[in-house]
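Here's a quick tour for anyone meeting this protein for the first time. Take a look at the sequence and the model, then read on.

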Amino acid sequence: MSELQIRDVHKKYGSLEVIHGISLDVADGEFIALVGPSGCGKSTLLRMIAGLEDITSGEISIGGRTVNRLAPKHRDIAMVFQTYALYPHMNVEDNMSFSLRLAKIDQKEREERVGRAADILGLRPYLKRFPRQLSGGQRQRVAMGRAIVRDPAIYLFDEPLSNLDSKLRVAMRSEIKENHQRLRTTTVYVTHDQIEAMTMADRIVVLHGGKIEQVGAPLDLYDKPDNLFVASFIGSPAMNFIDGTITSGKFLAADGTTISLKSDLIEDGRRVQLGIRPEHIYLCEEGIPLYVRTIEPTGAETQIHGLLAGVPVVAIFRERINAHPGQPIMVGLDTSRTHLFDAATARRI
C-alpha cells in the first residue's frame with residue numbers, strides 16, 4: 001500500500017511560518033494535484049513529502065510508515081522536476097538506469113525495467129541518444145522514465161510542464177494521465193496551472209497562504225466552490241463577481257441593476273457578491289446590457305470583455321458576435337448557475 005498521510009504539518013523559516021497546520025489523506029493509487037498562486041506553499045509541501053525540506057512540526061507517513069526523519073532515498077518516492085535534471089553526458093538509457101545502478105540492481109533487471117518504461121513512454125527509438133539530441137517533450141518523458149523504472153510507492157511532480165510550449169503541454173498532460181491510469185501509482189502533482197489540475201487529477205487541493213482552502217474532485221470545486229478564492233482560482237477565464245445586496249429576494253447591484261434569483265431564502269439587506277462564470281452568460285433580446293470593451297474570437301467561441309452592472313466581466317459565447325467597443329449587447333444570466341458569497345466572510349451562501 002502506498003497511501004500518503006499528512007498530519008498537522010507546519011513549516012517555519014525562522015519566525016516566518018509558510019505552512020500552517022496542513023492535514024491531508026491521499027489514497028493508494030490516487031492522483032492529487034496541489035494548486036494555488038505563487039507563494040501559497042505547494043512546492044514547499046511537496047519538498048517536505050520528498051524529504052528535501054525539514055518539517056517544523058507534524059507528521060508525514062507513506063504506506064503507514066512515518067518518514068519525518070528518513071532521508072529522501074529511503075522514502076520510496078520518485079520526483080520529476082520542472083528542469084528535467086538529466087545528465088548531459090549520458091544517453092537516455094543510462095539516464096533512466098542510473099538510480100538502478102546506484103541501488104546495485106543487476107544488469108538484466110535494469111534492462112528489463114528501462115525497456116518497459118521506454119515502451120510506456122514511446123522512448124525505445126531514443127535510448128542511445130543524448131539529452132541535447134531530444135526535444136523538450138522527449139526530455140520530459142526521459143525524466144518521467146527515470147522515475148518509472150524505480151517503481152516507487154509515490155510519484156512527486158513539481159510543475160513538470162512549465163518549460164514546454166502550449167501544444168506540448170497538452171500532449172504531455174494526456175501522456176501523464178494515461179501513464180497513471182496504466183500504473184495506478186499514488187501521485188502528488190504540483191502546478192500553478194489549474195487547467196492541468198482539472199484535466200488530470202482525481203482530487204484537487206487548493207492552497208492559499210500556506211493553508212488548504214478546499215479539497216475535492218475537479219468538477220465539485222468548479223460547481224461548488226467553498227469561498228471566493230476557490231471560485232476565482234478554479235476556472236479559466238475566472239468567475240465574474242458583482243457586489244450588491246439582497247432586496248425582496250432579488251440581487252441589487254451597486255449601479256441599480258436588478259437580477260432575479262432562484263432562491264428567496266436570503267434575508268433582505270444582506271451584502272453579498274454574485275458570482276457567474278463566463279459561459280453562464282447568454283445572449284437574449286430582453287436582458288441586461290453588456291457594454292463591449294474588447295472581442296476575442298477563438299474560433300469555436302467568442303470571448304467578450306465588457307461592463308455588466310458597472311463591473312468588468314468576461315462572457316463566453318458559442319455564437320460569433322458582431323459588435324464594436326462601446327456598443328451594448330443584451331444578455332441574461334443563468335440564475336441556476338449563479339453563486340452568492342457573503343461579503344463579510346467570503347464564504348459561499
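## Sorting the residues

Before we get to the pockets, a word on classes: Ala, Val, Leu, Ile, Met, Phe, Trp, Tyr, Cys and Pro count as nonpolar, Asp, Glu, Lys and Arg as charged, and the others, Gly among them, as polar. Keep in mind that this is a predicted model.

## The second largest pocket

With those classes in hand, the lining of the second largest pocket breaks down into 5 nonpolar, 6 polar and 5 charged residues. The space inside comes to about 340 Å³. Of the 16 lining residues, Thr335, Ser336, Arg337, Thr338 and His339 are the closest to the centre. Helix H7 (218-223) and strand E19 (339-342) each give at least two residues to this lining.

## The largest pocket

The largest pocket holds about 410 Å³ of space. Its lining has 13 nonpolar, 1 polar and 2 charged residues. Among the 16 residues around it, Met79, Phe81, Ser99, Arg146 and Arg150 lie nearest the centre. Strand E6 (77-80), helix H2 (92-102) and helix H4 (136-148) each chip in at least two lining residues.

## An open sheet and its helix

Now for a sheet: 4 strands make an open, antiparallel arrangement in the order E2-E1-E4-E5. Strand E2 (16-26) and strand E5 (65-66) sit at the edges with a single partner strand each, so one side of each has no neighbour in the sheet.

Strands E1 (residues 4-13) and E4 (residues 57-62) run antiparallel and are joined by 5 bridges. Gln5, for instance, has Ser61 in E4 as its bridge partner. Helix H1 (residues 42-50) packs on this sheet, touching E1, E2 and E4, and its direction makes about 115° with that of E1.

Methods:
Residues numbered from 1 in each chain as written. Predicted model: local features only at pLDDT ≥ 70, side-chain atom pairs only at ≥ 80, totals over all residues. Heavy atoms only, no water. 1 Å grid on protein atoms, 1.4 Å probe; cavity = no way out; pocket = protein on both sides within 12 Å on 5 of 7 lines; lining within 4 Å. Points joined across faces, edges and corners; volume = space filled by probe spheres on them. Pairing = 2+ DSSP bridges. Contact = heavy atoms within 4.5 Å. Axes fitted to C-alpha atoms, helices over the stretch in contact; angles between N-to-C directions.
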